[in-house]
Every structure is written in structure tokens, then in C-alpha cells.
Amino acid sequence: MKFYIKTFGCQMNVNESEIMTGILEKEGFEWTENPQEADVIILNSCAVREKAENKLYGAIGSYGKLKKKKEDLIIAVGGCVAEKEKENIIQRFHEVNFVFGTRNYMNIKKFIDRAKRSKKRFVDLSDEIDKISADLPKHPYSKHHGWINIIYGCNKYCTYCIVPYTRHLEKSRPVEDIIKEVKYYNDNGYREITFLGQNVDSYGKDFGDGKPKLNILIKEAAKYDSIERIWFLTSYPSDITDDLIEEVANNPKAAKNFHLPVQAGSNNILRAMNRKYTREYYLELLEKIKKTVPKVTISSDIIVGFPGETDEDFEETVELVKKARYERLNLAEYSPREGTISAKYYEDNIPKRIKNKRFQYLMNIQKQINHEENEKYLDKVLTVIQENKTKSGAYLGRTINNKVVIFESNPELSGKFVKVKINKISAGPLYGEVVAIEGSSEFNKIESYI
């Protein structure tokens, strides 16, 4: 049988799709990139925003048309929308054979067998998270960058966020099991890994002493020779520890980048969002990171137009962005998500035109900051790991502090270090030309800015 997986949303979903692919291939299934060839179509969904959820529904409708031509086609829906909507998906979409959850995706073969045996459609959202281990088969989609989910769920219950209801409470994987997975990537020649979690820096707090242990994982992972860069996503500000900051600063393999979603710059709005820190705490944290970690970059997320956000509240967010000088900022206009506290109890009282005006204003400020911050890289040589070809035909690479660089190259260098001299900047990527390739005599002679 052939199967096709379409993945929506975050890197955690990507990693879970890689594991489902590995499990099915081990059981004799054949992966296909063409859904029209598939006997099984698996949709791994995202519910963070309404737009992502609607993409799932559109995909169900599209693939449902294939079922009219192939009656035995099995369509499955997993991921966060599955947890959020549960039986509603089965009731609404008769094309769907079964729905599964975020904590039992490793049972995908069993679910397919059940669907083949019986025409009765079903929902299974059982919690079997303890079955997740490094021993599960996987088919990484990248040949040089491995994703490793280290902690599942979220305990924060921000009022706008659906994730605690779709991913449930935090559960950390054992250190030794994660390091076993690091070894797998090392033994297969991978250069980079990313530790993943809804609150990745909460890792290990549920082991008994309440102390995060992400710094320990980074230190242990760095002992493996093939692994050259270690990333982590996504952090919660109040769980960042001094030990983690010091590990990132002193470990040459630790990426010099923190993604620290602030969501708002006003204490009034932070309280309404149930974010467990203040504006002052957040800015002090940024200052500590910047003083401790040389050439660090920091990115963030902000929601504009949250219920009750006044002009004064928004201006505080603007001022925070100006002080933070993020290298990247993900902006979103608030929209209520069914099932969240804010959707249930708060009036969505900021007009759409005001949300959009604030969004555009802040976006323009951030673009200016981006361009100014990128000026320091002009005419500098940067070391990147080459990734895939872009739509323009050029290649993309990232520095260890997560600066995106675009350059002309060839596919044989993907997954390898190259040194690129920057000759053009923008408010987004940097642009340059390759001046040295890993393994060449020039590579170690040419000094790199980062």
C-alpha cells in the first residue's frame, strides 16, 4: 500500500510525521509524494490559528474528491485539530475514516489496519505518550538537520492559546532516551539538531525538583562529533535559566539564538493573556542574554489587537520592540480561538481596521530595525550550513546565530559548511557569494565574522 502525509503547522508536527513515515515504511508501506497514487492519506493538522485549521478542512475536501474515484482510499486526520474537534470531524466530513490524537500517533499502523477491516469510522484520542522513544522508526525529511521532540504539552494556559487543550500537560522524555536519539543522528552523519517543545525550556521541570534541564541536554549532545549545531524551539521567558544562558554562551556548538515570544509590551495585556512575567522582567532577561552571549540574535512573537488593548497599551508594545531590537518578529492580529479562555470570556472589542493599522505600523518599525541590524554584516564573511535551493534557484544557509543567507551554489554542498562574503543586505535575508568550501585549504584561512 502507498501512503501520503500532508503536514500542517510547527516542527513538532514535522517530527511526528517523520516518525509515522518511518513506522509505515518498516511495516512495508510505500511513501508517495503524489496523493492521487495513495491508498492512505494522513493529514497531520495544526490548530494554533483559524487559518491553519481552515487549511485542513480545505485539504479534506480536496482529497475527499479522490475517494469518489477510489472507494477504498483511507483518509485519516491527526494532530491538534483532531484533539480540538474530536468527533466533530467525523460528523462533518464523511470522507474521513478515522481521527487520532497528538499522543498516540505511533499507533498509526494499528489504526490503518482497523480502518481496512471495518467500514465503521472511529475516533481514538488515547494518551500513549509513554510509548514515544528513540527506538521508534523514523524517516527524517532532511539529510543533515534532525528534529527531536523533548517535551510534550504546555502548562501555561495563556488565555488566547488552544495548545494546552490539544497537546495537554507537559511531559518530558528521559534524558537518556533523548541522547540515544542524538546518537542516531550523529551516527548517520547529521550536522544539526533542534530540540523541540511547546515550552522547550521547561524541559525536565516535571522530573521532581522543578528545575529545567535543557542546558544538560545541550551539554550532552555537544559531545557527539558529527553534531555541529544545537538549536532549541520554542522558549517561554520565565523558564529561561542562568544555567541555560551560560551553556549557550560557552558551548561552541550551541546556536547563539533565542526565540522568546513576548506577545505584548503592556503589563495590563500580559496579565489579560495570563503570561507569567512582566514587561520589566522580560526586558531584563533580554539584556542579560545579550550581555552574556556574544553576537546572539533574539526573535519573538507579538499579538496586536488583544481584547482591551488601548492605544497606550499598544504604544508600550511599540517601545518594547524598539528596545529589544529583534532580529525577527512574528506578528499576528488577535482572533479568538474557540475553546480558549479569551474566546469564552473576553469581548473581541478591537475593530479589524485598528488591528490591521497596528499590525502594519509595528511591521514597518520592525523592518527598519531588521535593515539596521543587518548593516553590520555587509562585507563580512559568514559561516553557514547550506540548506535547500530556494524558489529563485539560489541556495539558503544559516549562521549559528540564525541569520539567513542567500547565495549561488550547487546541490553537492547541501549539508556542508561554506563561507559566504555578504555583498548585499535587506530587511530579511543577507546575500553573498561563496568564498570557501568545507574541506578546502582556504576554509580555515579565511576568518569568519560568525
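Biologist: Which strand pairs with β7 in the parallel sense, and over how many bridges?

Modeller: In this predicted model, strand β9, residues 192–197, pairs with β7 in the parallel sense, and six bridges connect the two. One residue of β7 to look at is I151, whose bridge partner in β9 is G197.

Biologist: What about β8, does it run parallel or antiparallel to β7?

Modeller: Strand β8, residues 171–172, runs antiparallel to β7, and two bridges join them. I151 appears here again, standing opposite S172 in β8.

Biologist: Why is β7 described as largely enclosed?

Modeller: Strand β7 covers residues 145–152, and eight of its eight residues are buried, so the rest of the structure largely encloses it.

Biologist: Let us turn to β4. How many of its residues are buried?

Modeller: Six of the six residues of β4, which spans 74–79, are buried, and the strand is mostly covered.

Biologist: Which residues point which way from that strand?

Modeller: I74, A76 and G78 point one way from β4, whereas I75, V77 and G79 point the other way. All of these residues are buried.

Biologist: Which strands pair with β4?

Modeller: Strand β3, residues 40–45, pairs with β4 in the parallel sense over six bridges. Strand β5, residues 98–100, also pairs with β4 in the parallel sense, over two bridges. On the β3 side, L43 stands opposite V77 of β4. For β5, the residue facing A76 of β4 is F98.

Biologist: What lies between β3 and β4 in the β-α-β unit, and what is its handedness?

Modeller: Helix α2, residues 50–69, belongs to the unit with β3 and β4, and this β-α-β unit is right-handed.

Biologist: Now the whole chain. What domains is it divided into?

Modeller: The protein is divided into domain 1 at 2–130, domain 2 at 141–372 and domain 3 at 377–437.

Biologist: How far apart are domain 1 and domain 2, and how many residues are in contact?

Modeller: The C-alpha centres of the two domains lie 28 Å apart. At their contact, 22 residues of domain 1 meet 23 residues of domain 2.

Biologist: What area do they bury between them?

Modeller: Domain 1 and domain 2 bury about 2100 Å² between them, and 52% of that is on carbon and sulfur atoms.

Biologist: Which domains does UniProt list?

Modeller: An unreviewed UniProt entry lists "domain: MTTase N-terminal" for residues 1–117. In the model, that span is 50% helix and 20% strand, with its end C-alpha atoms 15 Å apart. The unreviewed entry also lists "domain: TRAM" for residues 375–436. That second span is 0% helix and 53% strand, and its end C-alpha atoms lie 22 Å apart.

Biologist: Switching to helix α9, which of its residues are buried?

Modeller: In α9, residues 242–250, the buried residues are L244, I245, E247, V248 and A249. They pack against α8 (214–221), β10 (229–233), β11 (257–259) and α11 (279–292).

Biologist: One last residue, P307. Where is it, and is it buried or exposed?

Modeller: P307 is in the loop between β12 (297–304) and α12 (311–324). P307 counts as buried because its relative accessible area is 9%, and the cut-off for buried is under 20%.

Biologist: What does P307 touch?

Modeller: Leaving aside residues up to four places away in sequence, P307 touches I269, Y334, Y346, E347, D348 and N349.

Biologist: And how far is P307 from N88?

Modeller: Their C-alpha atoms are separated by 28 Å, and the two residues are 219 residues apart along the chain.

Methods:
Residues are numbered from 1 along each chain as its sequence is written. This is a predicted model: local features need pLDDT of at least 70, side-chain atom pairs count only at pLDDT 80 or more; totals for chains, interfaces and linings use all residues. Side-chain values use heavy atoms; hydrogens and water are left out. Buried means under 20% relative accessible area, exposed over 50%, partly exposed in between (1.4 Å probe, protein chains only). Helices (H or I, at least four residues) and strands (E, at least two) are DSSP runs, numbered from the N terminus. Two strands pair if DSSP finds at least two bridges between them. A crossover is right-handed if, with the strands pointing away from the viewer, the path from the first strand over the helix to the second runs clockwise. UniProt positions are given in the numbering used here, feature names are shortened, and annotations may be inferred rather than shown by experiment. Contact means heavy atoms within 4.5 Å. Domain bounds come from an automatic or database domain assignment. Buried area is the accessible area (1.4 Å probe) that two parts lose on being put together, summed over both.
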